[in-house]
Amino acid sequence: MKNKLLISALVLTILVSCTSDKSNSDTDIVVPPVIPPVINITSLKQASIPFGVACSPSPLKTDALYRETIINHTSSLTAENCFKPARISLGRKQYFWDDCDYMVNFAIQNNLRLHGHTLNWYSASGVPTWVSNFVGTKEEWILIMKEYIQDVVGRYKGKIKSWDVVNEPFETTGVLRNSIWKQNIGDEYIDLAFQFAHEADPEAILFINEFGTEYSIPKRTALLNLSNRLVASNIPINGIGLQFHTSISRSEIDIRTTIHTMASTKLKIHISELDVEINPSNVKPFVITDALLLSQKRIYSYVTKVMLEIPKNQQFGITTWGISDAVSWKKNDPDFPLLFDLAYKPKPAYYGMIDSFNQK
Ligand code: XIL
């Protein structure tokens with residue numbers, strides 16, 4: 001013990017004598033230089049904001065290039081279709097889980113965060129046939145909504161990190177859509193959906209998700225007001241998903257205003273379905289040019305840059321709606337809106353995002 005103390009004192013003396021500036025007096029304090037953190041990522045998997053893509057079980061099982069590109073470049077996944085209510089819910093309390101189970105296991109095995117999309121949606125994929133034929137009182141409608149949400153969220157409790165609870169609640173005019181749920185339950189269907197999801201998994205991060213907020217000011221305002229009202233009413237909402245199905249002809253300043261406006265709620269922000277069309281007028285035949293790819297790169301890098309401007313704890317993620325142009329839902333327009341090309345090679349837009357993360 002005594003020896004140890006002596007050695008420590010000796011080491012301290014040597015250190016002090018080595019670090020003191022010879023030209024100054026012994027009392028000068030040496031301040032260590034501030035070393036800036038090394039920011040030099042080469043894959044979006046390393047990005048400081050989780051980068052994700054929408055994907056589906058079938059190509060994950062059969063297409064090695066699709067699967068490996070996803071594993072190598074992402075840290076988060078959203079199921080493109082298989083978690084939609086019309087896919088899961090075959091009848092009251094009758095469910096098809098195979099695809100969802102596959103996605104959950106794939107995400108766990110590859111250490112990827114999984115975002116559930118979506119629990120409540122007005123569209124045909126969101127409303128199972130038996131629900132569109134359902135006749136019942138308001139209380140019965142609340143019950144079938146609760147049963148569904150809690151069965152799905154409960155099954156994957158602790159395994160699915162976050163959920164889009166309500167998808168696309170607003171018209172472009174900012175009016176609440178007259179969905180089957182609003183018709184039968186009233187406007188409070190949204191509040192109830194969040195409460196039911198939270199009861200089933202109190203740790204899950206719960207989102208409202210919407211498209212078109214970058215170009216429709218009434219919709220943006222409506223989403224802002226709804227989010228603020230939910231927070232003020234202690235409804236367990238944690239974040240806002242901004243889909244951003246956008247194009248090279250949209251205004252960058254609108255993108256910036258939308259992200260900052262929504263971040264004013266203090267909720268997390270997920271750029272949840274990003275894709276950037278280069279052929280928004282669906283011209284046929286269409287020729288991809290370098291200029292178009294550079295415009296696309298500009299938008300992707302700009303969205304990333306603006307996301308880095310908001311507080312760290314609100315930067316939930318940036319998810320593109322598919323991994324490559326080969327599987328984009330826009331591919332037959334024709335369009336090429338994603339970060340990887342038809343051959344799964346990274347496009348200029350990919351490096352545009354990398355540059356933004358590297359603050360270049
Ligand atoms: C799309 C899928 O990408 C398509 O494969 C499917 O045919 C239709 O739905 N907003 C959403 C997503 O919230 O669920 C939609 O996904 C795209 C628009």
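Start with two helices that sit side by side in this predicted model: α11, covering residues 252–263, and α12, covering residues 290–309. Their axes come within 10 Å of each other and cross at roughly 30°. Because angles under 35 degrees count as roughly parallel, α11 is roughly parallel to α12. As for the hand of the crossing, α11 and α12 make a right-handed one.

Which residues meet where α11 and α12 touch? From α11 come Glu252, Ile255, Arg256 and Ile259, and on the α12 side they meet Tyr302, Val303, Val306 and Met307. Sort the residues of this contact by type and you get six nonpolar, no polar and two charged.

Now move over to the ligand. Around the ligand you'll find Glu80, Asn81, Asn167, Phe211, Gln243, Glu273 and Trp329. This shell is a mixed bag: two of its residues are nonpolar, three are polar and two are charged.

How far can you trust what you're looking at? For the protein chain, the mean pLDDT is 93, with 91% of the residues at 70 or more. Confidence peaks in strand β8, residues 239–242, at 99, and bottoms out in helix α1, residues 2–19, where the mean is 45. The pLDDT is below 50 over residues 1–25, and that stretch has six contacts in the model beyond near neighbours in sequence. Where pLDDT is low, the predicted coordinates shouldn't be read in detail.

Definitions and conventions. Residues are numbered from 1 along each chain as its sequence is written. This is a predicted model: local features need pLDDT of at least 70, side-chain atom pairs count only at pLDDT 80 or more; totals for chains, interfaces and linings use all residues. A residue is near a molecule or strand if its C-beta atom, placed from the backbone, lies within 6 Å of it. Ala, Val, Leu, Ile, Met, Phe, Trp, Tyr, Cys and Pro count as nonpolar, Asp, Glu, Lys and Arg as charged, and the others, Gly among them, as polar. pLDDT is the predictor's confidence in each residue, from 0 to 100. Helices (H or I, at least four residues) and strands (E, at least two) are DSSP runs, numbered from the N terminus. Two residues are in contact if their C-beta atoms, placed from the backbone, lie within 7 Å. Axes are lines fitted to C-alpha atoms, for helices over the stretch in contact, and angles run from 0 to 180 degrees between N-to-C directions. Angles under 35 degrees count as roughly parallel, over 145 as roughly antiparallel, 65 to 115 as roughly perpendicular and the rest as oblique. A crossing is left-handed if the near helix is turned anticlockwise from the far one by less than a right angle, and right-handed if clockwise.
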